Every structure is written in C-alpha cells, then in structure tokens.
Amino acid sequence: MTQQPFPTVVLLQNPLDHSTISHLENAGYTVRHVSEATEAEAQVQQEHCPVVVPLKTDDPLVATLSEHLLSHAVAWAEDPGALTPYFQRGGRAFLLPPFSPELVQAQIEARRDHLNLRVSAQDVARQVELKLIERDVEIGRDIQLSFLPQTLPERPGWELCAFFKPAREVAGDFYDSFELLNGRRIGIVMADVCDKGVPAAIFMALFRTLIRAGAQQNISLSWADPNTNSGADDKVWLSGLKGEGRQALPRIGTSALQNAVGGTNNYMTQNHGETGYFVTLFFGIFDPQTGQLIYVNGGHNPPVIVRADGTQVLLKPTGPAVGMIPGANFKIAQETLHPGDTLFTYTDGVTDAKNSNGEFFSMHRVTEMLKGEITSAHTLMESFKAALKDHIQDAPQFDDITMMVVRRSPNP
C-alpha cells in the first residue's frame, strides 16, 4: 500500500520551477514558500514536513541551517561541489540535475519515509520507556502495600478494621496497628503525608518506618532532642488539656509516643527539612484490658469517639504536623474507650471527597453517619465505603481515602 505524501513541503528561497511546483500540488502537496532559514525551521517544527534547500558553491546558507532543519532537508544543487559542506554538517538527501518533477517528488517522498521511520522508532522508544515506568510504579505500589499491616491485632472484646484506597497507583496516606510492650498495648496510626503520588509515597515509607521503630523503643532515643518532648513531666504533657486529658498519664506507653512522634519530628526536620514534606498523623495507644487511650494528634483530622449512648468526642490536635517545625511540642492527651464505644479515624480524603458538582463529603456527613446505631466496626466501615462511593460516583478521586475503626464490645 502506497503511503500518501506529506501534506506540506517547504521551499526555502524557491529553487523549483513552476512546472515542478504544479506537479507537487497535483500530487497532493501544499507548497509553502519561505525566504529565511528561521521561517523554514518554524514550519518544520509545526508540520514535521520536508524542506527543499537550494545550495550553491561557497554559499553561506548551509551554515545557517539548524541540525533539526538539516534532518528534514532535501538539498537542491546544480554543482555537486556545493554539497560538500552540507554533507559535513550531516545532511543526506539531495537533488542534482536533471531536475525532473518526478525525481523531485521521489526524493521528497524518500525523505518523508525516512522521517516516518524515525518518528515511529521514537514512538516505540517512548512506549518502551512508559512501560518501564509503569512497571516501576507497579513495583512501588506493591512495596508500599507491604508497608501496610497485613492483619490487625485481635483481642477478645475488640474489633479493628481498616480501608485504604489510593487516588493514584501509590499514595501518601498510611495506617498502621501493632502490638506494643509484649502485647499489653495496641498502637493505632492514621497518617497523611502532604502531596500525592510517588514523592509522597517515598516519604510515607520513611515516616511509617520511623513512627513504628520509635514506638517500639520504650526508652528515650538518643536522636530525640532533649530540649523538646523527651523526658517531659506530666505538667508539660497535660498543659492546656481538659477533662480526662488532665488526669495523670499512665507510665506505660507514654515513652512509645514520645519516641515515635518527637523523635520522628526531630529526625525529619534535621535531615529532610529542606524538602518541605511533613505528615499529619493521629497516633494512639490503648490498653485492651481497661480501654485507656493515650494519643498524640499531630495536625490531623480529629478522630471521633462515639460513646455507647451516642455522644461524640472529637480528638483534636495536640501539636503541629510532624516534620514541619524543629523542636515542636506534641502534648499527649488521653481518653477511655468504654464498653460499647467506637473510635473512627480517617484522612482528609474522606471529608474532602468531591462529587461531580464539586460538593465535599464534609465533616458534617461524617458526624451525621456516626449518629446511627453502630453494631460492629465492620458494618460501620461498609456504611462509610458505600456512602463515599455513592457521593463520588463518576467523579475522579482527588485524594487518597483511608479509614480505621476500633470498637470495644458492649459486653466485654
């Protein structure tokens, strides 16, 4: 099957006679005339078309041709000697007498075929590169998923469940739950690294590792700045708190919070502060025997405790985002998860989820949904998933969506 010619051919300083131009136009070409090499370059950039360039012996024109223009050029020369500097600069296609219309068209179409092959090769190379990028992203997604807990801790009288849906292949959100102090405490983490995509995912892995590693050290870490949280007494930790938060903190578990949050903040601001990446997080540690919960909320969306009688308690921030302010102070607060209480944690991908009209899911809807009867952590999670799906519908998911529910049985 014969290829159709390029729709355009550019004639620089018009070396062709009228009959040849008419022949090209009858063959389907649009013939454009330009007088300067810069005009020819602009036309080639726009239409990716061959350009016929007249060359004469000792003609300075060839020196003004860019490499890109040379790759599209068909040199027209009455004297073969005029082609020497053209060849030296990398030019290849040329015309010598006799200049029959058929020969001119054949050479132009040969240049066209060469350009087509080069474009095709570039397209193949780009496709291969994209496939490699896609493969790397898929590997990155699998690695990131491995950072999330495969199972959540199980205790009689307690139910934990989580949901994670990234907006892209990889995400900045993460959640975690793990045992501490030989199983005497359970840690729960809900976090959101600023930004989205691959950069956020890289820092997600770092933040998650630092948080868990710090929490599992029940002693003050050497890289936690002594001028901030480590070793602070209850008066410092409890300042500004009310209600249950004013009670003396338990000695078990507070070091884990100090190490995890204060140490991570210090490490990030000292070593990666110039990147501008930080994480908002809620990190709570509860006693499965008593339901006592101590926590740090570092600039994160307030989790909600729903009491057995339907009362809602917001666990508001006790400090700034982690990794943002050197030497920041993160207060430890506390509550108690009584029998029948439920703790709902989430990232702003829930409240900021948009429908096709740009309407947010909103914190109001979260609290309204939590007013209904809660029979189990699993059914509550399914209700939120269904409500979010119904709200978003066909609109693109703007942000990562992550949720976790911790429920204490009403009959422990």
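In this predicted model, Tyr86, Phe87 and Phe94 come together as one aromatic cluster. Two of its members, Tyr86 and Phe87, have ring centres 5.8 Å apart and planes at 50 degrees, so this pair is tilted. The two residues don't share the same kind of surroundings: Tyr86 has a relative accessible area of 0%, so it counts as buried, while Phe87, at 35%, is partly exposed.

Searching the whole structure turns up 9 aromatic pairs. Among them is the pair of Trp76 and Phe99, which is stacked, with 4.5 Å from centre to centre and 25 degrees between the planes. This pair ties together distant parts of the chain, 23 residues apart: Trp76 belongs to strand E4 (residues 73-77), and Phe99 lies in the loop between strand E5 (94-95) and helix H5 (101-147). Trp76 counts as buried because its relative accessibility is 13%, under the 20% cut-off. Phe99 comes out at 21%, so it is partly exposed.

Phe398 has a charge for company: the charged end of Lys354 sits over the Phe398 ring, 5.7 Å from the ring centre.

Then there's strand E13 (residues 333-336), which is covered on both faces. In a regular strand, side chains take turns pointing to one face of the sheet and then the other. In E13, Ala333 and Glu335 sit on one side, Gln334 and Thr336 on the other, and all of them are buried. Strand E10 (residues 292-298) runs antiparallel to E13, and 4 bridges join the two. Across this pairing, Gln292 stands opposite Thr336, one of the buried residues of E13.

Technical notes:
Residues numbered from 1 in each chain as written. Predicted model: local features only at pLDDT ≥ 70, side-chain atom pairs only at ≥ 80, totals over all residues. Heavy atoms only, no water. Buried < 20%, exposed > 50% of the residue type's maximum accessible area, 1.4 Å probe, protein only. Pairing = 2+ DSSP bridges. Phe/Tyr/Trp six-rings, centres within 6.5 Å; stacked < 30°, edge-to-face > 60°. Lys NZ or Arg CZ within 6 Å of the ring centre and 35° of its normal.
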